[in-house]
Amino acid sequence: MRKIGLVGGISWVSTLDYYKFINEGVNARLGGLNAAQCIIYSLNFGDVQAKSWENSFELLLEACESLKRSGAEGIALCANTAHLFADRLQQTVRLPIIHIGEETAKAVKRQGLKKVGLLGTKFTMEMDFYAGKMQEHGLEMLIPEKEETRDYIQYTLKEELGVGLINPETKASYIAIANDLVVRGAECIILGCTEIPMLISEDDFAVPVFDTAKIHSQAIVDYMLS
């Protein structure tokens, strides 16, 4: 088994899911009392927020280098937005980084879909690092049209889901926002922030829903056991 390094704490709430999914995946494959051989570097998300995501490369680099020194053979960034720096981190640390956008695009393509609707942080929705991975796989990506809607998603991710708060009104709003993407032609919905599955799931929609935390975790297990 390869030893994986997880950069977590972004947020700690979704890092719990990663730890659970990865260990369940390893045990399902190997049986018995086998579990994941992993190291977690849990960042203080407050430090990331204080610097803002755009200025957090050094924080993420320190985490990755610490994991490498501890014996990690590969690295997973346990947040979609952290992949803003994935390519640069991989080049600097010289360890493979399992890319959440790449793995999600592969999962969408396996179902023969072409147009995806994305919900995530403002950075994930608006910047090129995620859309680029979709385009590389021939996928078209739709995001909420209004900036105020994207601001609302950003606010609730930070102030509610990031601290484990589940608000029924927020759930209803997310469902409406996602359904608007479907009306615009999205054939599926990507939950492009690892906290969003705490709030909505495939049970809430008539189209396929892709949980990026689960997709990423499965890819991590595949890497560890390959």
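**Stop 1: helix α3**

Select helix α3 in this predicted model and colour its buried residues: F57, L59, L60, L61, A63, C64, S66 and L67. What do these residues pack against? Show β1 (4–8), β2 (38–42), α2 (45–51), β3 and α4, and the partners of the buried residues of α3 are on screen.

Now check the length of α3. The helix has 13 residues, and at 1.5 Å a residue they should span 18 Å. The end C-alpha atoms of α3 are 18 Å apart, so the expected span and the model agree.

Step past the end of α3 to G71. Its phi is positive, near 105°.

**Stop 2: F57 and its company**

Stay with F57 and add F85. The structure holds four aromatic pairs. In the pair of F57 and F85, the ring centres are 5.6 Å apart and the planes stand at 65°, so this pair is edge-to-face. Where do the two residues lie? F57 lies in helix α3 (residues 57–69), while F85 is in the loop between β3 (74–77) and α4 (86–93). The pair therefore ties together parts that are 28 residues apart in sequence. Both F57 and F85 are buried.

Add R88 to the view. R88 lies over the face of F57, at 3.6 Å from the ring centre.

For another charge over a ring, go to R2 and Y223. The charged end of R2 sits over the ring of Y223, 4.5 Å from the centre of that ring.

**Stop 3: the open sheet**

Switch to a cartoon view and pick out the four-stranded open sheet. Its strands run in the order β5-β4-β6-β7, and their pairing is parallel. Which strands are at the edges? They are β5 (140–142) and β7 (209–211), each pairing on one side only. Look along the sheet for its twist, which averages 30° from one strand to the next.

Zoom in on β4 and β5. They pair in the parallel sense over three bridges. Select K115: it stands opposite E140 in β5.

Next, bring in the helices that pack on the sheet. Helix α7 (residues 128–136) touches β4, β5 and β6 (188–191). The direction of α7 makes about 145° with that of β5. Helix α10 also packs on the sheet, where it touches β6 and β7. The direction of α10 makes about 55° with that of β7.

**Stop 4: H216 in α10**

Stay on α10 (residues 212–225) and select H216. Is H216 buried or exposed? It is buried, because its relative accessible area is 0% and buried means under 20%. Which residues does H216 contact, leaving aside its neighbours within four places in sequence? Show Y18, A76, L77, H83, I98, H99 and I100.

**Stop 5: helix α8**

Move to helix α8 (residues 147–159). Its 13 residues should span 18 Å at 1.5 Å a residue, and the end C-alpha atoms are 18 Å apart, which agrees. Colour the buried residues of α8: T149, R150, I153, Q154, T156 and L157. What covers them includes β4 (115–119), α6 (122–126) and α9 (168–183).

Look at the spacing of these buried positions along the helix. An α-helix has 3.6 residues a turn, so residues three or four places apart point the same way.

Pause on Q154, which belongs to helix α8. With a relative accessible area of 19%, Q154 is buried, because the cut-off is under 20%. Leaving aside neighbours within four places in sequence, Q154 is in contact with T121 and K122.

**Stop 6: backbone details in the loops**

Finish with the loops. Select I10 and S11: a cis peptide bond joins them, with omega about 10°. S11 is in the loop between β1 and α1 (12–30).

Go on to S52, in the loop between α2 and α3. Its phi is near 80°, a positive value in a residue other than glycine. S52 is partly exposed, with a relative accessible area of 23%.

The last selection is R94, in the loop between α4 and α5 (100–110). R94 is not a glycine, yet its phi is positive, near 60°. Is R94 buried or exposed? R94 is exposed, with a relative accessible area of 67%.

Methods:
Residues numbered from 1 in each chain as written. Predicted model: local features only at pLDDT ≥ 70, side-chain atom pairs only at ≥ 80, totals over all residues. Heavy atoms only, no water. Expected span 1.5 Å × (residues − 1). Buried < 20%, exposed > 50% of the residue type's maximum accessible area, 1.4 Å probe, protein only. Contact = heavy atoms within 4.5 Å. Phe/Tyr/Trp six-rings, centres within 6.5 Å; stacked < 30°, edge-to-face > 60°. Lys NZ or Arg CZ within 6 Å of the ring centre and 35° of its normal. Pairing = 2+ DSSP bridges. Axes fitted to C-alpha atoms, helices over the stretch in contact; angles between N-to-C directions.
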